[in-house]
2 protein chains.
Amino acid sequence: MARIVMKFGGTSMAGIERIRNVANRVKHEVELGNEVAVVVSAMSGETDRLVNFCREASPLYDPREYDVVVASGEQVTSGLLAIVLQSLGVKARSWLGWQLPIRTSDAHASARIETINSEAIGKAMAAGEVAVIPGFQGMTGDDRVTTLGRGGSDTSAVAVAAAMKADRCDIYTDVDGVYTTDPRIVPKARKLAKVTYEEMLELASVGAKVLQTRSVGLAMKEKVRLQVLSSFDQPTDNPTPGTMIVGEEEIEGTTMERQLITGIAYDKNETKVTLTAVPDRPGAVASIFAPLADANINVDMIVQNVAHDTGSTDVTFTVPTAELARSLDVLERERGTIGYEKLIHDTNVAKISVVGVGMRSHAGVASKMFDALAARGINVLAITTSEIKVSVLINEDYTELAVRVLHTAYGLDAEDAA
Amino acid sequence: MARIVMKFGGTSMAGIERIRNVANRVKHEVELGNEVAVVVSAMSGETDRLVNFCREASPLYDPREYDVVVASGEQVTSGLLAIVLQSLGVKARSWLGWQLPIRTSDAHASARIETINSEAIGKAMAAGEVAVIPGFQGMTGDDRVTTLGRGGSDTSAVAVAAAMKADRCDIYTDVDGVYTTDPRIVPKARKLAKVTYEEMLELASVGAKVLQTRSVGLAMKEKVRLQVLSSFDQPTDNPTPGTMIVGEEEIEGTTMERQLITGIAYDKNETKVTLTAVPDRPGAVASIFAPLADANINVDMIVQNVAHDTGSTDVTFTVPTAELARSLDVLERERGTIGYEKLIHDTNVAKISVVGVGMRSHAGVASKMFDALAARGINVLAITTSEIKVSVLINEDYTELAVRVLHTAYGLDAEDAA
């Protein structure tokens, strides 16, 4: 017997027929003797509908009332799943955020879970009743409804799993696992059986959108074993395993067979910004990045070109394209302080990252990357590295070529692996 | 300054533009210096959508989960109205059933309000904040979501008004008040400025569907002054008064000017049932009505024909047509016990009622009714009377004619009144 948390996203909950599929999947886990809690999203499209109501009501809506409105989507699906489970002979009841309660910060519309009182559901689950919990929602200390921000249901599921000390948290979604890279670009991409939390964070934050980054971070902190698997085209009683996301220690025993590199990610949503002829004096760099940080703009790759003995230098960095307009505003306002000559930007760039905990113990990962790209004439505009990742910025036109070249270079292609 | 409760139905809340109209109406009351609580229904069509989800999920749905699902409709509109009010510069917040809380019985899907804790909203309202309260919903003693049954938002509004000791409870709806009879049948029908609770109960229960009967009963018990008025085609700042529903004492001073009869109602949803040749012995009637009562079937008009010296009698009564099938089942099952000869029913009947507290002090109301109907050749099949009502059962084909004839006979036509 295990205690498991199952989470189903909006496409899995879109309409009663799909909810019936979900219920059959849950029923199977119950019949295996497991104690089960289910965390559900709103029907796909429903949250958008509710958000649009709020925007139409007022572009400057009160986030506290927004939360009251949008939390209703998950309330509906949790009640419906409980009804369908009962109709299949499975004991079940819904537990709304305020009923458990799930206490959160008071940052409405993007609240953080603080505590979950799992006493009542623990008793119910031990008595064989499935606990159906709406994702995405919680309650502040003074009993107002909160939501966790888009994609927050993954985080709800992980938090419930942590509070329940669950053996596993299964995230059912519309992909069947985490791949070595985007299969639309590389048909030879392989599904990974296991990745570490750290790898998943790097893969997710650079473009492999399977799980909400926050939920992976929470799972890592709380040591919740996650599984990503498909809720579609699956036999109810024996679903194809997905990808387990676990601590490094759980993978260590199999290190020998592991690839040096776990996956290749890409991100086309960054823009390169260059300030030319910045005076080469102490404090110059700080005068660029401090005001950007104050404006809550997330600067990623930074390159300071070699000064050409002119007393000035070019500074290049990337910002999310969605924040480009705000970034340019800030930099133009600060022009007098920084003292640059020209402000140039280029949205036609992409970040390509190779990720893998294996690279910690192996030298030469970065040089293999540069060699492979150079062999195809792909110019590297900037570089960043972390313990388990090397990222390069390239011309966006070469994105797919670069991903394919690197996937082969690191031996990730399915045929090679066979 | 007054403390008022305003209630808006589903058609008034159907979409943001209509909610904006509602908000402007509320704003006007606030600008007059009133303390205001608003009770809202779900957008029209939304409750049906949610109910259908539940039915599709399982025809035998758990009413506790049904309540979780359908209560969400009012949650959405209460949040949206709060947002729109704020956008108009009116301080406002939503208070969900569990936040106040509104405690109800645990008869899920048709719960009764037991207590409303109005402390928090009382403070908020005194500080100039509009309290927006979703109608139709509450919470049991063990913190489960309940709903009050269809049309329950009227009852919520009256209960909130009682708890707040409000000076007035305005029910905004799609009609502009209570009429002497159905204006679709009698173009000369007049809007009543005031009716008593008792009259409203009789008018509502016999077909003039303006307010939920339960809400009028509660208003009478709690002495809440109700007003029914239109939420459409109204100037925001000076709406046409509707009909006040108040205690008899508030009308007494004006008795001299009052009509003997307040209104004429009709009901086509009753069916006449006749049992022939029932043995004329003690207990025979009880053997008919006891099993119907046990089956929760509401028997209305009862006529026992004179026994023809045959030792047997015919018994005629009416039941709601919606309960006819169940009634016939019960009576056929009890045939041996009752010992009747034939079981006949006729759905082609209508009940016509004249209603007015004025008839208490005046004889001759019933005979005027019989005379007026006889003059047009309308046959009376059964009669019931109460202190403030006389009802007759007639052939349904004559419904409109009977209503018009009586409306004129009692001097209710608009031209007569002018």
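## Chains A and B: a listed site and an interface

Setting aside neighbours within four places in sequence, A:F8 is in contact (heavy atoms within 4.5 Å) with A:M13, A:V22, A:R25, A:V26, A:V38, A:V39, A:V40, A:S41, A:Y172 and A:S231. This is a predicted model, where local features need pLDDT of at least 70 and side-chain atom pairs count only at pLDDT 80 or more, while totals for chains, interfaces and linings use all residues. Residues are numbered from 1 along each chain as its sequence is written, chains are lettered from A and ligands numbered from 1 in the order in which they are written, and side-chain values use heavy atoms, with hydrogens and water left out.

Why look at A:F8? An unreviewed UniProt entry lists it under "binding site", along with A:K7, A:G9, A:G10, A:T173, A:D174, A:Y179, A:R184, A:K209 and A:V210. UniProt positions follow the numbering used here, feature names are shortened, and annotations may be inferred rather than shown by experiment. Here are two of those residues, with strands taken as DSSP E runs of at least two residues and numbered from the N terminus; buried means under 20% relative accessible area, exposed over 50%, partly exposed in between (1.4 Å probe, protein chains only).

| Residue | Strand of chain A | Relative accessibility |
|---|---|---|
| A:F8 | β1 (residues 3-8) | 1%, buried |
| A:T173 | β9 (residues 168-173) | 14%, buried |

With neighbours within four places again left out, A:T173 is in contact with A:V228, A:L229, A:S230, A:S231 and A:F232.

Now for the interface. Chain B and chain A bury about 3100 Å² between them, 63% of it on carbon and sulfur atoms; that is accessible area (1.4 Å probe) lost on being put together, summed over both parts. On the chain B side, B:E65, B:I83 and B:W98 lose the most area to chain A, together 19% of what that side buries. The contact draws 39 residues from each of chain A and chain B.

How many salt bridges (a Lys or Arg side-chain nitrogen within 4 Å of an Asp or Glu carboxyl oxygen) link chain B and chain A? The count is two. A:E46 forms a salt bridge with B:R49, with the closest N and O atoms 3.5 Å apart.

In chain B, α1 (16-31), α2 (46-57), α3 (63-70), α4 (72-87) and β3 (92-94) each supply at least two residues of the side touching chain A; helices here are DSSP H or I runs of at least four residues. The largest share, 11 residues, comes from α4(B).

Key. Buried area is the accessible area (1.4 Å probe) that two parts lose on being put together, summed over both.
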